[in-house]
Amino acid sequence: MKAINEMKLTLESHSVNESFSRVAVSAFVAGLDPTIEEISDIKTAVSEAVTNCIVHAYKNTVGRIYIWVGIFADQTVKIRIRDRGCGIADIHKAMTPLFSSEPEERAGLGFAVMQSFCDKITVRSTLGKGTTVTLIKKIESKERC
Amino acid sequence: MPVKIEKNKNLTTAFLSGEIDHHSSVFIREQIDEAVNCIAPKELCLDFMGVSFMDSSGIGLVMGRYKLMHAMGGRLRVRGVNRSTMKVMKLAGLDLLAKIDCKGE
């Protein structure tokens, strides 16, 4: 299925960009007329994925974060967040709630939030090459007749 | 963003505002901990009334302050939490650690 509308955004992995990335994605999705709760869910999930790139993928370095957002005819939004950072050795472990490789004040709930706030999430990662997180959420609120 | 803190030995309240994420939580944490370590209050209240967004970094912030208060023999209270922030807090089970009052309830 081809997206009926899409956008791309490339950011440097500075933590100050976390806010911009989630606001930019939510503003693009706003055209679907989502509820406040749906927008808030998307903002939170994007924030988690982008924070992972900054805290983990590009730990102690600055790299690029590539965001692609596609809107589909059935009101589904697909958000792909990709980095070229260190990669995840054990995806299953990384996605386990409360596990964090950086326990200092990190709750270890990033993936749990993404899973709970989106309909579907897929994670692909290659050590030394990077990680791609894809978030899928259907905007249910105001389906047109 | 500076955190307004009402310092009192019995109850110290930190009024959080704006967006709480990985970027902003570092500075918020430093300010609260400085006040708590200086006063050693019996109870710390985190007031979320002015918070418009929070991701899981806020969970780390609340959990860390819970541990700090617990180590000092004090209590933690969280108040003024909006619906979306409550959703994140409940996911982490924070409602089991601290007393959480929602906005307008």
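A:Leu9 counts as partly exposed because 16 C-beta neighbours sit inside 10 Å, short of the 20 that a buried residue needs. Keep in mind that this is a predicted model. You'll find A:Leu9 in strand S1 of chain A, which covers residues 5-12. Setting aside residues up to four places away in sequence, A:Leu9 touches A:Ser21, A:Ala24 and A:Ile67. A:Ser100 is another matter: 91 residues along the chain from A:Leu9, with 27 Å between the two C-alpha atoms.

Now for helix H1 of chain A, residues 17-29. H1(A) has 13 residues and runs 18 Å from its first C-alpha to its last, close to the 18 Å expected at 1.5 Å a residue. Which of its residues are buried? They are A:Glu18, A:Ser21, A:Arg22, A:Val25, A:Ser26, A:Phe28 and A:Val29. Look down the axis of H1(A) and these buried residues fall within an arc of 160°, so they line one face of the helix. That fits a general point: an α-helix has 3.6 residues a turn, so residues three or four places apart point the same way. And what does the buried set pack against? In chain A, the partners are S1, H2, strand S2 (64-71) and strand S3 (76-83), and from chain B there is helix H1 (22-39).

That brings us to the contact between the chains, which takes 21 residues from chain A and 17 residues from chain B. On the chain A side, the elements giving two or more residues are H1, H2 and helix H4 (110-117). H2(A) gives the most to that side, with 9 residues. By class, the chain A side has 7 nonpolar, 8 polar and 6 charged residues.

H2 turns up again in the largest nonpolar core, which has 58 residues. Helix H2 of chain A (residues 36-57) gives the most to this core, with 9 residues. The residues with the most contacts inside the core are A:Ala45, A:Met114 and B:Ile59. Take A:Met114: leaving out neighbours within four places in sequence, A:Met114 is in contact with A:Ala45, A:Glu48, A:Ala49, A:Ile121 and A:Leu135.

Finally, two backbone oddities. A:Gln75, in the loop between S2 and S3 of chain A, has a positive phi of about 70° although it is not a glycine. A:Gln75 is partly exposed, because it has 17 C-beta neighbours inside 10 Å. Over in chain B, B:Ala40 lies in the loop between H1 and strand S3 (43-54), and its phi is also positive, near 50°. B:Ala40 counts as partly exposed, with 13 other C-beta atoms within 10 Å.

Definitions and conventions: Residues numbered from 1 in each chain as written. Chains lettered and ligands numbered in written order. Predicted model: local features only at pLDDT ≥ 70, side-chain atom pairs only at ≥ 80, totals over all residues. Helix = DSSP H or I, 4+ residues; strand = E, 2+ residues; numbered from the N terminus. Buried ≥ 20, exposed ≤ 12 C-beta atoms within 10 Å, placed from the backbone. Contact = placed C-beta atoms within 7 Å. Core = buried A, V, L, I, M, F, W, Y, C linked by C-beta atoms within 7 Å. Nonpolar A, V, L, I, M, F, W, Y, C, P; charged D, E, K, R; others polar. Expected span 1.5 Å × (residues − 1). Arc of directions from axis to C-beta.
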